[in-house]
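Subject: Model for your files

Hello,

Here is the structure I said I would pass on. My notes follow below it.

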Amino acid sequence: MEALHIEASEDTPKIYFEPEVEIYLLEGKSLPENAIDFYGPVFDWAKKFFESSDVPDSVVINFKFDYFNTASSKQIAKLLRIIEDSPNNEKVTIKWYYDEEDTDMLKAGNRYNKLMNIHFEFVMNKE
Amino acid sequence: MSHGLLNKEKLGFIYKLFKAMQKNNLNYIYRGVFTANITDNILALAESNLVHKEDPRALKRKVYNVMVEGLQNITKHQADIEVDVENNYGVFVLKKEHFKYFITTGNLIENDDIESLTKQINQVNSLDKVELKAYHREILLHGKISNKGGAGLGLIDMARKSGNKLLYAFEKVDEKFSYFYLHTEIPSKGAERSIINPNNSKTLNYISALHKMLDEENVLIIFNSYFNQESLMNLLSIIEKQMLNNVQQKKRIYNTMVEMFQNIIQHGDDYKETEEGKAGLFYISENNDEYLLNTGNYILNSKIERLSKKLNYVNNMDYKELDEFYDNRLLDFEIDSSKEAGLGIIDIRLKTDSKLGFSFLNIDDKYSFYTLRAKISKK
């Protein structure tokens, strides 16, 4: 399975999906003008990967967002739904990172946790 | 108590600000403490966004240089004044109108300095280009005149770089302090070359009216131009550098700004849609308890009914209802286009935990002016 690398920009996050070293990461800010365009390639990759037979026993996806807008929050829900609907959903853990004082980011993670049938872990960022 | 509708006066203020902007015009106003960080960001915003792309480089440099002098002038005086004066806020205004750039600064000075400042400015204004250059040299070599550490040089530089006269005004605050306003203009491509008449009271009126308006509304930032992703990102960088001590508050302002701005980018209507984006107004003001984020933009009359319904609907929900509504919308993948996620207003309501103010002012049979206000508590 091929990797997916997207560099971070001023208003889009870094995407680093690298099955070879088993690192799966979304990091930074997400407030693009067109969230659907940005996340399209991420969905394509995720569908292919999570429906393939070579998904390892455990996949940890790290969500390290500083901030995302509502347009992105919907695309994140779509990504999680793709994972939830895949035959490999039980192998997946979402690691949701948040700053101690950023209760909105923690709440956003709790919301996805409540709505999705996927295993979540919450990690408070260290100073 | 009624909420939802903004009162007529407030609406008038917002629209008046907006109307000041016509084709090719812009307004950028910052009022507050001027730190090095904030100054840098104002310059960056001007460089990347406010100074129009079609203007020649030499003009951009000119505007930039005059801005630097003006901003330094504010920070210098700000540092001089140690007394805790309630309104020790500086003001910086960059405006483009009818192919001309207007730069105005305002800051507190001691009344004792009025006389010497007046002398200096009159002296600068009395000189032509060649004489200014010689005067500049003389001061560099012999260094006198100013007892305020180089303020004299700054004034000469502003006059030289703008190629124009300096307009000034003092407005008494109390026995000890006055506001000092300094104004100059730089003509851009297509403008008649015009020299300011230092006795022109019209411009002075504009300055004091503006000051009054800013003080009454306690305005911190005004951005009045085309709304696009680039201007949003530039304004956000200024907010990020603001000295708000509460991280959560800063995040909420940031978050609300993004949703309000992108709402206009997606849904605003304009008489003429330009490549640069949709014309709009954004400003932040504050009172003791909260920050107020305000937007104003054109909207088609045909959209008003539906939008009002939606805003009232969201305003009337309590936290639990909003939370459930958000869940439903988040997973409603039928409502999912680049134009609409359907979450922006619900999100603002949830995160600010206060009702949204809104109003529509009819412009003609096709358009209205739509204003939206969100409150962010300081608690």
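Buried residues account for 32% of the 127 residues in chain A. Please keep in mind throughout that this is a predicted model.

Fold of chain A

Chain A contains three helices and six strands. Their order along the sequence is β-β-β-α-β-α-β-α-β. The radius of gyration of chain A is 14 Å, close to the 14 Å expected from the globule rule for 127 residues, so chain A is as compact as a globular protein of that length. Taken along the principal axes, the box filled by the C-alpha atoms of chain A is roughly 40 × 25 × 25 Å.

As for contacts within chain A, I looked at those with a separation of 6 or more: 69% of them join residues 24 or more positions apart.

Contact between chains A and B

Chain A and chain B each put 21 residues into the contact. On the chain B side, the elements that give two or more residues are helix 8 (229-241), helix 9 (247-267), helix 11 (319-330) and helix 12 (344-352). Which of these gives the most? Helix 9 of chain B does, with eight residues. By residue type, the side of chain B that touches chain A splits into 10 nonpolar, six charged and five polar residues.

That covers the fold of chain A and the chain B side of the contact.

Regards

Key
Residues are numbered from 1 along each chain as its sequence is written. Chains are lettered from A and ligands numbered from 1 in the order in which they are written. This is a predicted model: local features need pLDDT of at least 70, side-chain atom pairs count only at pLDDT 80 or more; totals for chains, interfaces and linings use all residues. Helices (H or I, at least four residues) and strands (E, at least two) are DSSP runs, numbered from the N terminus. The radius of gyration is taken over C-alpha atoms; the globule rule is 2.2 Å times the number of residues to the power 0.38. A residue is buried if 20 or more other C-beta atoms lie within 10 Å of its own, exposed if 12 or fewer, and partly exposed in between; C-beta atoms are placed from the backbone. Two residues are in contact if their C-beta atoms, placed from the backbone, lie within 7 Å. Ala, Val, Leu, Ile, Met, Phe, Trp, Tyr, Cys and Pro count as nonpolar, Asp, Glu, Lys and Arg as charged, and the others, Gly among them, as polar.
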